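This report describes a single chain and its ligand shell. The sequence and model are shown first, and the description follows.

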Amino acid sequence: MSAEPKVSIHPSQTSLAAAVAARLITRLVDVQSDRGTATVVLTGGSIGTAALRAVAESPAHTAVDWSNVHVWWGDERFLAADDPERNAVQARAALLDHVGVDPAKVHEFGASDAFDDEDAAAADYAAQLAAAAEAELDADPGAVQTDPRLPRFDVLLLGVGPDAHIASLFPEMAGIRTKGSTTVGVADAPKPPPKRGSLTLETINTAQEVWLSVSGSDKAGAVGLALAGAGHVQVPAAGARGLRKTLWLIDQDAAQKLPGRLIDHDEEQAG
Ligand SMILES: O=C(O)[C@H](O)[C@@H](O)[C@H](O)[C@H](O)COP(=O)(O)O
C-alpha cells in the first residue's frame with residue numbers, strides 16, 4: 001500500500017521553503033494532538049535546510065511541543081560529529097538548537113570520530129531504529145507497526161539531486177538496490193563527501209507521509225522522470241512513496257518538465 005504522488009508548485013525557492021515549513025508545523029501539531037508525540041525524518045541539502053530555517057523563523061512553530069518530537073535523518077555524511085557539512089550539524093543550526101527538543105529524542109547517524117567506517121555507523125543506526133521500534137511497542141502494545149525493526153515515521157522529508165538521488169541512494173549504485181536492511185553504508189557517493197549512511201528505500205517507504213522538496217531548473221529533468229514513472233534503480237526519487245501521502249513540493253524552476261496530468265490544481269493553489 002502506498003500513495004500516488006501529488007504535486008504542489010510554488011513560485012520561488014523562498015516561498016517553497018516557507019510552504020514546506022508551514023505544512024510541517026501543521027502536520028506535527030495534528031499528529032501530536034492525535035498521538036501525543038510525533039516523529040519526523042529530516043534531510044540534508046539546500047532546500048531541506050532552508051525549510052528548517054523557515055520553521056524556526058515562523059511564529060507558528062511554538063504550537064509544536066518540540067520536546068515531544070522524535071527526530072531522525074534520512075541520510076548523513078560520514079564525517080566528524082562537529083563537521084559543518086554534517087546534515088545533523090546543519091539541522092541543529094537551522095532549527096533544533098532553537099526550539100527545545102529533547103536530546104534523547106534526536107537520533108543521529110554515527111560520526112567518523114566514533115565509528116570505524118560508514119558500514120558500522122549504518123549498522124548502529126539500524127540498531128537505534130530497532131530499539132525505538134521496541135520502545136514504541138512497550139509504550140503501546142496495541143500499536144500496529146509496518147516493520148517491527150522501525151518506529152513509526154509521521155513525516156519523512158527528502159531532497160532530490162539533479163541525478164534524482166534521494167537521501168544517499170544514488171542511481172544504479174548498491175544503496176538503491178539494497179533489500180532486507182533498514183539502513184545502508186555508502187562508500188562511493190558521487191556527491192561529496194563519498195562516505196555516507198542512509199535509510200534504504202524500503203525503510204523510506206514505511207513512512208506515513210513522504211515529502212520531496214525540490215528547487216531549481218537543474219532538478220527539472222529528475223522531477224520529470226520521477227513523476228513520469230521511471231524505475232527507481234535509475235531514478236531513485238521515482239521509488240519514494242509514503243503509505244498515506246506522497247507529496248512533491250517543488251518550485252516553478254523544478255517543474256519545467258513535469259508531466260501536465262500530474263499537477264493537482266488544488267494543491268498547486270494551496271501554497
Ligand atoms: O546529504 C545530502 O546531501 C542529502 O540528504 C541529499 O540527498 C540532498 O537532499 C540532495 O542532494 C538535494 O540537495 P540540494 O537540495 O542541496 O540540491
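## Contacts and setting of E108

In this predicted model, E108 is in contact with W73, E76 and A88, when neighbours within four places in sequence are left aside. E108 belongs to the loop between α3 and α4, the latter spanning residues 118-139. A residue is buried if 20 or more other C-beta atoms lie within 10 Å of its own. E108 therefore counts as buried, with 20 C-beta neighbours inside 10 Å.

The distance from E108 to A132 gives a further point of reference: the two residues are 24 apart in sequence, and their C-alpha atoms are 13 Å apart in space.

## Contacts and setting of E76

E76, one of the contacts of E108, is part of strand β4, residues 75-77. E76 counts as buried because it has 27 C-beta neighbours inside 10 Å.

Beyond its neighbours within four places in sequence, E76 is in contact with R86, N87, A88, E108, F109, R196 and G197. A88 thus appears among the contacts of E76 and also among those of E108. The C-alpha atom of E76 is separated by 7.6 Å from that of G44, a residue 32 places away along the chain.

## Helix α3

Helix α3 covers residues 87-94 and is mostly covered, with 6 of its 8 residues buried. The buried residues are N87, A88, V89, Q90, A91 and A94. Of these, N87 and A88 are in contact with E76.

Which elements do the buried residues of α3 pack against? They pack against strands β2 (38-42), β3 (69-73) and β4, and against helix α2.

## The ligand shell

The ligand is surrounded by 16 residues, of which the closest are G44, G45, S46, G159 and G161. Two elements, α2 (46-57) and β4, give two or more residues to this shell. Helix α2 gives the most, with 3 residues.

By residue class, the shell around the ligand divides into 9 polar, 4 nonpolar and 3 charged residues. G44, whose C-alpha atom is 7.6 Å from that of E76, is among the residues closest to the ligand.

## Annotated domain

UniProt, in an unreviewed entry, places the feature "domain: Glucosamine/galactosamine-6-phosphate isomerase" at residues 12-248. Over residues 12-248 the chain is 34% helix and 15% strand. The C-alpha atoms at the two ends of this segment are 15 Å apart.

## The chain as a whole

The secondary structure of the chain consists of 8 helices and 9 strands. The radius of gyration is 17 Å, close to the 18 Å that the globule rule gives for 271 residues, so the chain is as compact as a globular protein of that length. Its C-alpha atoms fill a box of roughly 45 × 40 × 35 Å along the principal axes.

Buried residues account for 48% of the 271 residues. Of the contacts between residues at least 6 apart in sequence, 77% join residues at least 24 apart.

## Confidence of the model

The average pLDDT of the chain is 95, and 96% of the residues score at least 70. The model has an ipTM of 0.97 and a pTM of 0.95. Where pLDDT is low, the predicted coordinates should not be read in detail.

Notes. Residues are numbered from 1 along each chain as its sequence is written. This is a predicted model: local features need pLDDT of at least 70, side-chain atom pairs count only at pLDDT 80 or more; totals for chains, interfaces and linings use all residues. UniProt positions are given in the numbering used here, feature names are shortened, and annotations may be inferred rather than shown by experiment. Helices (H or I, at least four residues) and strands (E, at least two) are DSSP runs, numbered from the N terminus. A residue is buried if 20 or more other C-beta atoms lie within 10 Å of its own, exposed if 12 or fewer, and partly exposed in between; C-beta atoms are placed from the backbone. Two residues are in contact if their C-beta atoms, placed from the backbone, lie within 7 Å. A residue is near a molecule or strand if its C-beta atom, placed from the backbone, lies within 6 Å of it. Ala, Val, Leu, Ile, Met, Phe, Trp, Tyr, Cys and Pro count as nonpolar, Asp, Glu, Lys and Arg as charged, and the others, Gly among them, as polar. The radius of gyration is taken over C-alpha atoms; the globule rule is 2.2 Å times the number of residues to the power 0.38. pLDDT is the predictor's confidence in each residue, from 0 to 100.
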